[in-house]
Amino acid sequence: MTQERRSPVAGSWRASPNAIKLNQSMRLMRRDVLLSGIGALAAWGGASAAPALDTVPPPVPAVDPGLARFMDVSHCLTDRTELDSAVGAALYAGMVQAKPERTAQIATLYDLKAKYRLITAAELAKAAEKADKALKETIHDIMIGWYRGVAGGKVVVYRTALMFDITKDAIYPKTYAAGGPFYWTTKPPEVARPTGLPALSPSPFVVEPT
Amino acid sequence: MSSDQNLSADVVIVGSGVAGSSIANELVRAGISVIVLEAGPRVDRQHFVENFRNLENKPSYQGPFPSTPWAPHPPNQQSPNKYLHTTGPDAEAYQQAYLRLMGGTTWHWAGCAWRYLPSDFELKTRYGQGRDWALSYDDLEPFYYQAEVMMGVCGPDPSVEDLGSPRKQPYPMEALPLSYAGEQFRKLITEKTPWRIVHEPQARNTRPYDGRPTCEGHNNCMPICPIGAMYNGSYSVYHAEAAGAKFIPNAVVYKIERDAANKKVTAVHYYDPDKGSHRVSGKYFVIAAHCIETAKLLLLSADEQSPDGVANSSGHVGRNMMDHTGVQVTFISGDKALWPGRGPLETNVIDNFRDGSWRNERGAYLVHMVDDNQVDFATQLAISKGYVGRELEEQIRYLASHTVRLFSHNEALPDPENRLTLSKTEKDVLGIPHPEVYYKLPQYTVRSCDHTRSVFKQLIHLMHGTDEEWTPGYFPQDHPSGSTIMGVAPKDSVVDGHCRTHDHENLFIASSSVFSTVGTGNITLTVAAIALRVADTLKKELLHG
């Protein structure tokens with residue numbers, strides 16, 4: 001028998017779902033986005049322009065005003081005082097990269113919140129949709145970002161998405177179970193029927209085809 | 001381009017899934033040389049676990065497994081499709097998903113390891129429908145057990161919970177305990193319906209087994225078990241390789257060569273990714289390349305000797321395509337929280353509709369209450385309803401803990417008009433035509449699905465369900481079968497009861513493609529049992545003449 005013939009084409013096959021959507025330079029940067037926090041915006045935009053770290057001292061990070069507005073609006077729309085700033089930077093970068101108009105729309109949300117001194121998520125969402133119907137989609141993007149960990153159709157965080165944080169007393173994210181064999185036989189917590197109302201008008205619910 | 005390589009073995013196997021790899025393992029351990037040719041690449045589990053975690057559309061079972069240009073597989077279950085082209089009135093119902101990778105499609109399966117019922121092999125005799133197999137349940141029973149031991153199947157004690165398939169030995173492992181959600185569903189069914197819930201037999205460890213760990217309930221059996229507690233074909237590949245079998249990845253078989261008399265296969269030819277051609281000779285050949293790819297290869301090998309394709313004197317290669325076309329509904333339970341998705345994906349089944357006198361007019365089926373983590377679904381649903389902030393979080397918790405999904409596997413019948421052919425217009429990078437399937441649901445299946453819908457409506461009512469979302473039409477269950485159908489008569493079947501082709505004495509087929517009918521329950525254990533029976537036949541012939 002002879003040796004298996006090795007193909008350079010075969011050897012290069014290692015595509016991942018995100019990699020399929022991204023170009024080569026973007027593919028290399030996703031993990032860095034998660035790790036670099038304040039530098040994430042530059043990374044998502046293409047860090048190849050950044051100088052090498054071993055030749056230039058790291059710059060003092062400047063606060064991107066767009067990112068600051070995004071974080072402020074996010075705190076309001078989640079009714080949370082604490083959100084992870086590194087995740088926020090990556091979400092904002094992904095969101096704006098996919099839809100550049102989000103920068104201005106988030107600024108509008110920020111201005112609305114300040115102008116009317118809005119406190120709760122419901123107040124801001126209602127005011128936003130009343131002011132401009134297009135802002136509903138922007139709010140959806142922000143909710144999808146924080147709760148699903150997805151921005152611009154790409155996964156930014158999985159295990160630490162808020163949807164898993166708020167259900168962690170009952171269930172694990174898929175592939176991250178830590179309860180040991182047969183944990184699933186125990187009784188999970190009861191959940192009362194919610195009484196809160198939606199703040200935005202309903203939208204068609206489209207299940208992605210498999 | 002043709003290489004001067006001269007690969008040869010006692011037995012040459014095309015396909016490295018459960019069937020091909022388990023045959024290889026059996027034969028090589030009996031001292032028989034084996035070469036396995038796999039069209040796709042060798043893969044590792046963690047790569048695909050990472051792909052899954054990075055996948056935005058988590059329910060996409062094909063998503064973590066991108067195919068290669070030289071061995072394409074369906075990228076998804078959408079019609080039209082970039083690889084498997086379906087046509088006919090029920091084209092979407094036959095949009096199957098499968099993988100062309102080392103280890104095969106069981107990289108994503110739920111581990112459900114059903115034996116067929118004795119009646120499933122005698123549908124024509126007992127109910128006047130479809131066909132009888134050219135083997136009986138009793139013929140297959142020892143190989144069912146061998147397959148259960150090979151895979152590591154857990155299941156209930158038959159003296160407590162009889163699943164209807166007589167057993168001579170107990171399951172290798174005790175049944176998997178039902179989840180809390182499954183247990184609540186079982187209580188409801190027991191107390192308020194005439195039906196019952198059984199523990200589904202599964203190729204999943206309830207104790208350390210065969211060097212693999214106990215299931216930890218990651219709820220990701222499909223698309224990828226992250227720890228290998230669930231059997232898949234890769235484990236039989238590893239075992240066979242350790243014993244000396246040679247597996248060649250990225251080897252796309254495109255031709256089956258026969259002798260001058262057209263009675264014996266002499267070699268198969270494969271392309272590597274650069275379209276270099278290689279010839280592999282042997283004494284025996286087994287095509288174990290999945291139902292669709294197996295038929296495709298036989299048709300692709302048509303030449304002057306066999307103008308309609310290899311092993312196709314009956315004209316039945318590619319015909320009689322079947323599946324467990326199903327019905328699915330998702331709704332919000334009005335009862336107490338269930339929190340589905342804690343534990344393995346599928347643990348419980350209503351099995352009352354697997355057999356009965358009514359099979360003379362409608363197909364059998366079984367019902368799963370899927371134990372799937374609904375947090376992501378709940379989040380998307382709640383956002384679409386317009387919730388934000390604190391109210392959104394309350395909705396996510398409620399919907400994730402109360403969402404219920406039911407689906408069924410409904411029995412098809414072999415119909416020669418439901419047919420796989422080679423595409424006349426679509427080819428892959430090697431110039432090999434894509435498969436095309438015409439499909440029209442048999443009325444037998446349609447009536448079965450109608451019955452299922454009525455049962456689901458009763459269950460939704462019992463659970464005070466709201467927000468019903470019925471998956472439109474019928475959906476494929478990825479259990480394709482029938483394309484090289486088994487039978488006694490060479491005039492209307494492709495293989496005999498031992499899976500030997502009627503036309504070529506040293507050519508066997510080990511795949512769901514040989515199924516004469518499709519019964520109920522996932523097909524993989526029956527595929528494995530048939531494959532092990534093929535291995536047994538080959539051992540007898542090679543070792544004892």
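Let's start inside chain B of this predicted model: Val14(B) is buried, with 27 other C-beta atoms within 10 Å. The cut-off for calling a residue buried is 20 or more such atoms, so Val14(B) qualifies. From there, we can move on to helix α8(B) and to the contact between chains A and B.

**Around Val14(B)**
- Val14(B) belongs to strand β1 of chain B.
- In sequence, Val14(B) and Val36(B) are 22 residues apart, while in space their C-alpha atoms are 5.8 Å apart.
- Beyond neighbours within four places in sequence, the residues in contact with Val14(B) include Leu37(B), Val253(B), Val268(B), Ile287(B) and Leu297(B).
- Ala288(B) and Ala289(B) are also among the contacts of Val14(B).

**The contact between the chains**
- Chain B gives 69 residues to the contact, and chain A gives 68 residues.
- On the side of chain B that touches chain A, the elements giving two or more residues are β1 (2–14), α2 (45–53), β7 (246–248), α8 (375–385) and α9 (389–402).
- With 12 residues, α9(B) supplies the largest share of that side.
- Sorted by class, the side of chain B that touches chain A holds 26 nonpolar, 27 polar and 16 charged residues.

**A closer look at α8(B)**
- Helix α8(B) is largely enclosed by the rest of the structure, because 9 of its 11 residues are buried.
- Among the buried residues of α8(B) are Val375(B), Asp376(B), Phe377(B), Gln380(B) and Ile383(B).
- The packing partners of these buried residues come from both chains: α9 (135–148) and α10 (162–165) of chain A, plus α9 and β14 (403–410) of chain B.
- Just after α8(B), Gly386(B) has a positive phi of about 105°.

Conventions
Residues are numbered from 1 along each chain as its sequence is written. Chains are lettered from A and ligands numbered from 1 in the order in which they are written. This is a predicted model: local features need pLDDT of at least 70, side-chain atom pairs count only at pLDDT 80 or more; totals for chains, interfaces and linings use all residues. Two residues are in contact if their C-beta atoms, placed from the backbone, lie within 7 Å. Helices (H or I, at least four residues) and strands (E, at least two) are DSSP runs, numbered from the N terminus. Ala, Val, Leu, Ile, Met, Phe, Trp, Tyr, Cys and Pro count as nonpolar, Asp, Glu, Lys and Arg as charged, and the others, Gly among them, as polar. A residue is buried if 20 or more other C-beta atoms lie within 10 Å of its own, exposed if 12 or fewer, and partly exposed in between; C-beta atoms are placed from the backbone.
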